[in-house]
Amino acid sequence: MMKAAVFREVGAPLVVEEVAAPTAGPGQMILKVIHCGVCGTDLHYTEEGTPVAPGAVIGHEFCGEVVEIGAGVPGHWKVGDRAVSMPFVGCGTCGHCLAGKPIWCRSMRSHASGQMSGGFAEYTPIGAAGSVKLPAGVSWDEAALVEPLAVGLHGVRRARLDAGSNVLVVGAGPVGLAVVVWAKAVGARRIVVTARSNRGANMALALGATDFIESDKDVRREFRRLTGAQPDAVFECVGAQGILEQCIFYAPIHGQVVVIGGCMRADVITPATAMNKELTVTFALAYDLFDFEVTVDRLARGLVDPTTMITDRVDFDDFPAAFEALRQRTHQCKVLLSPGS
């Protein structure tokens with residue numbers, strides 16, 4: 001048995017219970033969870049219209065120690081290894097899985113939706129093929145941020161940014177901040193963040209943003225005033241209704257909008273606005289194994305330091321209340337459940 005925070009019903013807090021501990025199936029390992037971060041997807045998936053079944057354990061931003069190894073796992077994995085893992089497990093044999101992209105596997109099961117027992121627990125099953133060993137130089141706090149950093153990296157890769165680009169990042173939450181980190185890493189000249197309040201301004205600037213604009217201002221005019229240019233790419237990192245329309249408005253003629261924020265509800269845009277600018281609108285879904293590997297490598301070499309994003313760590317006793325508090329506007333950025341720290 002193990003302790004876990006269990007989803008029971010929409011509108012009710014997660015319930016901390018004793019549940020059956022997972023066992024490692026073929027190609028799988030069991031991870032003792034050290035940290036598991038709370039993502040906006042977790043909040044969306046526990047609201048009305050949720051794909052999560054009552055009794056499920058979610059949580060997909062986890063890191064931990066390997067405590068059990070299933071049949072067929074490559075021999076370089078050992079009990080005691082420190083690891084992070086993509087939070088979905090595929091068949092392991094299709095082209096997508098072999099390319100390190102199990103999210104596209106027809107048999108994929110996800111921790112985010114509770115199809116796999118997730119990381120809001122003492123233990124979680126992971127697919128060996130989608131896991132990355134943590135070098136000794138990567139701290140547990142850094143490891144807890146590999147998943148959101150990989151989201152940002154994948155979005156920046158989808159944008160194909162050139163060194164010297166000017167970018168506008170819409171949203172100063174963990175995804176927006178991750179985009180800031182990677183835009184800086186690839187050599188963006190000006191990285192401007194906009195959000196509806198300035199609560200995230202200091203963190204954005206500390207992580208590499210050059211400027212911050214509150215969204216109640218004329219963002220297009222302020223961007224041009226600050227940079228003397230227009231954005232080469234606009235990153236949508238909020239995932240709420242109306243934000244994509246804003247990003248299309250912010251983008252210049254022949255500009256690019258990259259959608260990373262996951263809006264779970266029907267939205268309205270004006271296609272003619274995008275058409276009249278001949279915009280490129282690109283969607284970025286999660287990440288692949290390459291994004292995880294690059295993130296871990298950069299952390300190990302000290303080339304990125306995202307740990308200022310972590311604003312709280314809680315145990316199981318405080319976790320349900322901390323989780324619910326994130327549904328409202330808050331000073332928090334990244335809250336970690338830390339059952340094994």
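Colleague: How many salt bridges are there in this predicted model?

Modeller: The count comes to 12 salt bridges.

Colleague: What makes Arg8 and Glu17 a salt bridge?

Modeller: Their closest N and O atoms are 2.8 Å apart. The cut-off is within 4 Å, so Arg8 and Glu17 qualify.

Colleague: Is Arg8 called buried, exposed or partly exposed, and why?

Modeller: Partly exposed, because its relative accessibility is 38%, and that label covers what lies between 20% and 50%. Glu17, at 22%, is partly exposed too.

Colleague: Where in the chain do Glu47 and Arg327 sit?

Modeller: They form a salt bridge, with the closest N and O atoms 3.5 Å apart, and they link distant parts of the chain, 280 residues apart. Glu47 is in the loop between helix H1 and strand E4, while Arg327 is in the loop between helix H11 and strand E17. Together with Glu324, Glu47 and Arg327 make up a network of salt bridges.

Colleague: What about Arg225 and Glu222: how far apart are they in helix H7?

Modeller: Just 3 residues, so about one helical turn separates them. Their closest N and O atoms are 2.9 Å apart, which gives a salt bridge. Arg225 is exposed because its 57% is over 50%, whereas Glu222 is buried because its 18% is under 20%.

Colleague: How many disulfides are there, and why is Cys39 in none?

Modeller: There are 0 disulfides. The sulfur of Cys39 is 9.7 Å from the closest cysteine sulfur, in Cys36; a disulfide needs the pair within 2.5 Å, so that is too far for a bond. Cys237 is in no disulfide either, with the sulfur of Cys247 8.0 Å away.

Notes
Residues are numbered from 1 along each chain as its sequence is written. This is a predicted model: local features need pLDDT of at least 70, side-chain atom pairs count only at pLDDT 80 or more; totals for chains, interfaces and linings use all residues. Side-chain values use heavy atoms; hydrogens and water are left out. A salt bridge is a side-chain nitrogen of Lys or Arg within 4 Å of a carboxyl oxygen of Asp or Glu. Buried means under 20% relative accessible area, exposed over 50%, partly exposed in between (1.4 Å probe, protein chains only). Helices (H or I, at least four residues) and strands (E, at least two) are DSSP runs, numbered from the N terminus.
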